[in-house]
Amino acid sequence: MTVQELFKKIFFVEILKGMALTLSRLFTKPVTRRYPKEKRPAQLGFRGLHALVRNPATGDAKCVGCGLCAAICPSRCIYIYTSEGPDHQKVVDRYEIEVLRCVYCAFCVEACPFGAVVLTPHYEYADYSREDFYMTKEKLLENWDKYMGEKGFEYFDKFWNPKSTHFTTPEGQAIWRRKSG
Amino acid sequence: MEFLKEIEEILNRYPDRQGALLPSLYVAQKEYGWLSQESYEAVAQALNLPPATVKGVATFYAMYKHKPMGRHLIQLCTNVACMVMGAERLVDLLKNKYGLEPGGTTEDGRFSLVIMECIGACDKAPAMLVDTDFHADLNEKRIIEILESYK
Amino acid sequence: MIELTIDGKKIQARKGMTILDVARENNIYIPHLCWDRRLKPYGGCRLCLVEVEGQRKLMAACSTPADNGMVVHTDTPTLRKARKTVLELLLVHHPLDCPICDKAGECALQDLAYKYGPSEGRFYAERKHEPEATSALIDRNPNRCILCGRCVRVCWEHQGVGAINLIGRGFNTKISPAFEETLDCEFCGQCVDACPVGALGAKPYKYRARAWFLESHDSICPYCSVGCTLTLDLREGKILRVRGVDGKGVNQGDLCGKGRFGFDFIYGESRLKTPLVRKNGELKEVSWEEALYYVAERLKAVLKDYGPNSIGAIGSARASLEDNYMLQKFIREVIGTDNIDTSARLGYAWALKGMEETYGIKLNPIKLESPIGKEVVLVLESDLTSTHPIFGLKFLEAKNEGSHLMVVEPRRTKLARRSSEWLRIKPGTGTAYILGLINFAIKEGVHLKKEMEIEGLDELSNAVAEFTPEKVAELTGLDKERFIESARRFINAESRLIALTVGAAENQKGIETVKAAANLLMLLGEGPDALQVPADYSNTYGAWLMGLRPMNGGKDLYTMLYEPGALKALYVMGEDPLVTMPDAGRIEETFKRLELLIVQDIRLSETAKMADVVLPAASWAEKEGTFINAQGIPQPVPKVVSPTGDSIPDWQILRNIARVMEHDLGVIEFSALKEEIAKVAADSGQQRWRLVPVEYDLTEKPDNEYPIVMVTGNIMQHSGALSVMSKSLSHVLSDAFVQVSPEDAERFGVEDGGFIKIASRKGEVFIKARVSDEVPEGMLFVPVHFAHARVNMLTTASPEGRAHLTAVRIEPKG
């Protein structure tokens, strides 16, 4: 043991150093947020609770039931049930997400060719029963009204990347579209 | 349905019934000027073929008519040579004089007009067929003269 | 053999193969859209282009024959560019509605566009055809069509129907029935499987699921005895659709309408969910315990009072091998009687008996490929394309390959329409026609040329002596010259085949028909393979093998059902005698006199409605089992969905009853049952040829009072009573009808679609008439499947196994 070390040991230098930091923090503003009293707003693009985009023209979901979200979903938590409507159109009867199984990868949002499913910035949805986390089509549309609404379109325009139009494989394939005009 | 007898004769010339389809349709058309649903069905039955096969073949060929035609069928060429020599003016003339649209029939059922592709008479353009008669070197005056001879 | 090089690989090939055939055989991928294994090369899609060294142009692999020394390249920059352009052109007017198109995920165009296609198109056009949404089972969307013509060619070349065609020309071409009417065909759905894109789809599957939601299982079709492999597509434990996969199973991917659309009988509304016991005259729902104890008590009581010989059982030609085996084990071991039979007694048993008496063989499995390559193929009064559709297709195929297809048949069946020669005989006179052929063959001395000696020749030639061409012409209504011409062709052919069915639902053929045909073939030196008589239903053959027939002098089906009082208790498993068997009035009387009628079925059948106890059984696809098809091939049927309600497999019900009756059948598990069945030996007998004289006489002759002959049978969309439960098949045909010839309609004042009264010596029924030139004058044709029509009230059964046509008269209702 050197003299220096002995000195430090006798006079609690390390402890004093630590206490000095503590003392200095006494005079600064605290950084801790007092959640849940004080809430931090999540940014657009935060991967929170799921929602189905409501088509303002029809008032119903934009989803056409193509099932690509369910196909890409790594935790297989999306269920879509479609049927033939009265005018022989495709009707999405049920669109369900088991939120508890979701891993919030947002692949579904990327896969959707119509921008019909989103993850909203809403993150406070703890609840007491499992059923409450089984999102039906109605609940998902409600989520859109509650947590997205007008903001939603901004979400896709400004924030969401990559957009489906960005995809090209080296051979230029992935999607096929017509030249505009 | 007089043509059914003729079909029986035609059948002898072909190794199988399906082979006789085009000439059979032709004789059916000859009788009525066009092919009606009844004609298709009669031909189908005579040849032991499904009506869909008969109709499918018939609709492929431009020379079978699928709607009632006038008494005389004008087939006017508007292909390159005829067009250069003024065939399109003749089309307009027919429209003005007889009210005859391409593909249409006059109200009195006298003429039907079909715009056809080249009939190989480019040296004497513009050219047309009325029924089976060939007329070339047409101009506004001549075409009316010719058509007036078909009543 | 020739040798060619494809992509640097030296490959041996047979002469006559196309480049595509060779490539496919060697697992070399060449893209294609319009090519189909079953069809003639078409060369329409231009996607199978390959480069052949020494050729300036690109060659279509599907229609270029492979040649010795050919050097072929299947994937070069030039080809990729060509394919890219072809796809770009195909996509010009293909709507990009993949997100709602049911084909997405299994669409050939989608896959190829992904592999070769450009991501942008330079051209754009839109077709605005109306999708057809009114058709019963097949959904047509002409806008998605790429005009490859596969559906058209499958329908006409392969299926022999020709319901649709490419109507129009150029851009406006669309696939449609002749006059753009609603599709009204036999609804086999082969076009749906053939369509590479989403232009044709199965209506019941429309918008039900995406391709990637489905899991597939292979199973065996529960309908006829061909035993086709069905690929069942399930979502969350429910069968959504059935496909045929090219090259799979005995059917090689072909399916008929029953197999493809008829699977939904398992979801029928009339399915039984709990056991029912009759209390105070009404069937009441009870628990399994109660039902089992009730059955056991009642059976014991009958046993005690009347002895084992008063109990009988009828097995099912559609239940699995295991179920049927268990039934006979139960009847033989627990009850101790030999009174057991199946519906095969009414048809197939007679065919087997006829074969045994002539050829000496006890089993006669058919061979699906048997018609191919025969010089003359004779189909005798059998609508094979309806009763055994995939077997029937082989006859069309044989004809396409050059066989002479002779159809001896009063009805204008599909085979009759597509035959090389259609001999329209009077109903029930097929046997007379064959006897005429025998007489003719003996007169011509054909049998002498073969230098064979078969016992019984003299007796036979005496028996057929009266069947001179004149007599046959009189009996069958054929022209004499025509008969002689056909006889000569048949007798002098290099190779020949006779095919017929002797079905439980049919009444115009019997044991004498089979014996006559066998005699004729023996005389011409043909073995039993030249006589193809398929079993009726999916497991008719299997049930026969399992011993569901009296083997030691027990009562057969005729005694059990048509002799009221012969039995005191009857156990009916998966059969509805009141609907599917002839002389229903008699059967009803027998049932009324029974002390105990136990019915074990998947639905509340007409017979079940009369029962004292009804036990709900799990149906096809709800339990494991095995079917033996008409070729004698055992094929496993897996369990893919869970049983309806409380139903359990038939063999378990029987095992449980035996347990309650304090009897150990020694089988607890399915595997043990299977092991036991594997030990059952099939006795196919020894070939020993004998000519046997055949008598020909109609059991019931038309007279002044009953001037018309009524023929019963199965039709394309329905067979037996099972198919009536299927919603899809009922969309096509749900109402009972009788076919009346236009001549008779005029004579008796019958209107198309109007109700008529049919009266026979047995009784009368009311039924809807369909005036159709499919039947000749003096004949009615009635399908027997529809319970409410009660057609079998009119018919008679023939315990001698003879043709039992019914003479009837008709009059308009009211």
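**Exercise 1.** In this predicted model, locate Arg76(A) in chain A and decide whether Arg76(A) is buried or exposed.

*Solution.* Step 1: Arg76(A) lies in the loop between helix H3 (68-72) and strand E2 (78-84) of chain A. Step 2: a residue is exposed if 12 or fewer other C-beta atoms lie within 10 Å of its own, and buried if there are 20 or more. Step 3: Arg76(A) has 10 other C-beta atoms within 10 Å, and is therefore exposed. Step 4: most residues other than glycine have a negative phi. The phi of Arg76(A), however, is positive, near 50°.

**Exercise 2.** Decide whether Asp583(C) is buried or exposed.

*Solution.* Step 1: the residue Asp583(C) occupies the loop between helix H21 (577-580) and helix H22 (584-593) of chain C. Step 2: Asp583(C) has 22 C-beta neighbours inside 10 Å, so it counts as buried. Step 3: its phi is positive as well, near 55°.

**Exercise 3.** Explain why one side of strand E2 (111-116) and one side of strand E4 (133-135) of chain B are left without a neighbour in the sheet.

*Solution.* Step 1: the strand order of this open sheet in chain B is E2-E1-E3-E4, with mixed pairing. Step 2: E2 and E4 of chain B stand at the edges and each has a single partner strand, so one side of each lacks a neighbour in the sheet. Step 3: from one strand to the next, the twist averages 20°. Step 4: E1 (residues 72-77) of chain B runs parallel to E2(B), and six bridges join them. In this pair, Ile74(B) stands opposite Leu113(B).

Methods. Residues are numbered from 1 along each chain as its sequence is written. Chains are lettered from A and ligands numbered from 1 in the order in which they are written. This is a predicted model: local features need pLDDT of at least 70, side-chain atom pairs count only at pLDDT 80 or more; totals for chains, interfaces and linings use all residues. Two strands pair if DSSP finds at least two bridges between them. Helices (H or I, at least four residues) and strands (E, at least two) are DSSP runs, numbered from the N terminus. Axes are lines fitted to C-alpha atoms, for helices over the stretch in contact, and angles run from 0 to 180 degrees between N-to-C directions.
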